[in-house]
Amino acid sequence: MTQADPSTPPDGFTQMIDDSNAFFAELRQNNTKDWFNPRKDHYNTAIKKPAEFFADLLAEDFSRISGKPFKPKLFRIYRDVRFSKDKTPLNAHLHMMWSQAGDDPFAPFFFFGSEPGEMTVGFGIGGFKGETLTRFRAFVDRDGDELADLIDATGFQFSTWGAPPLKKVPKPYAEDHPHGDLLKRKNLILSGPMDDTWRHAEGGLVKAVRSEFEKARPVMKLWEDRLA
């Protein structure tokens, strides 16, 4: 990532992050619709609209870099509490995702999250079932050394998103398989934290997030070559 330069002015999304951090810090202490409704216009103007613009800009970048169209999605502030024990109605974080159109189970997606005290980026492929899961495991068995090296090079860690891994290495693979941890997975989602150096770096938040995602290109290229 570009190192911070104190002489470089902040980019246009610094205010969005500062406003969202302040807003979500208050929301954590007042997570009710009664608190949110009078402040909804502020949320829409200062956070939601700039975030949608940010997501659109990066979707264009990802499409250009990959040669395939990516669609942005800004997640709603309203939580779906129908099947959750946690009935707090609102999400106290900013979360967006970029994914490819179509039904390719191995098409990658990117995500970005920001909340008070934490900023996260990540990418992955997920939701392996049936034949897709069989293909993924065969890929790990065959190309696990290369895959593991490329994952290590990204500097990201395995994310807790999605289905949890199995407790045991699945048959017919040996329990002591050198890539047993990968074989146990039903998805392959990686993520990592971002620091604040983007605030005074050339290109600001857009370039910083793009640079983090570019680290994923070698892993994605391997998926495209061996799984597509």
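Visitor: Which strand gives the largest share of the lining of the largest pocket?
Guide: This is a predicted model, with residues numbered from 1 along each chain as its sequence is written, and local features need pLDDT of at least 70. Side-chain values use heavy atoms, leaving out hydrogens and water, and side-chain atom pairs count only at pLDDT 80 or more, while totals for chains, interfaces and linings use all residues. A pocket is an open set of points on a 1 Å grid over the protein atoms alone, where a 1.4 Å probe fits, with protein on both sides within 12 Å along at least five of seven lines, and lining residues have an atom within 4 Å of a point. With strands as DSSP runs (E, at least two residues), the largest share, four residues, comes from strand 3.

Visitor: Happy with that! Which elements give two or more residues to this lining?
Guide: The largest pocket holds about 210 Å³ of space (the volume filled by probe spheres on grid points joined across faces, edges and corners). Of its 14 lining residues, Gly113, Glu115, Glu118, Thr120 and Trp161 are the closest to the centre. Two or more residues each come from strand 2 (94–100), strand 3 (109–115) and strand 4 (118–125).

Visitor: At which residue does helix 4 bend?
Guide: A straight helix of 25 residues would span 36 Å at 1.5 Å a residue (that rise times one less than the number of residues). Helix 4, residues 130–154, spans only 28 Å between its end C-alpha atoms; helices here are DSSP runs of H or I, at least four residues. The bend, taken between axes fitted to the seven residues ending at a residue and the seven starting there, is about 90° at aspartate 143.

Visitor: Is leucine 150 buried or exposed?
Guide: Leucine 150 sits in helix 4, where Leu147, Ala148 and Ile151 are among the buried residues. Buried means under 20% relative accessible area and exposed over 50%, with a 1.4 Å probe and protein chains only. Leucine 150 has 21% relative accessibility, so it counts as partly exposed.

Visitor: Which residues does leucine 150 touch?
Guide: Contact means heavy atoms within 4.5 Å. The buried residues of helix 4 pack against several elements, including helix 7 (217–226). Leaving out residues up to four places away in sequence, leucine 150 touches Pro218, Val219 and Leu222.

Visitor: Which residues of helix 6 are buried?
Guide: Helix 6 covers residues 204–214. Its buried residues are covered by elements including helix 1 (14–29), helix 3 (40–66) and helix 7. Those buried residues are Gly204, Leu205, Val206, Ala208, Val209, Glu212 and Phe213.
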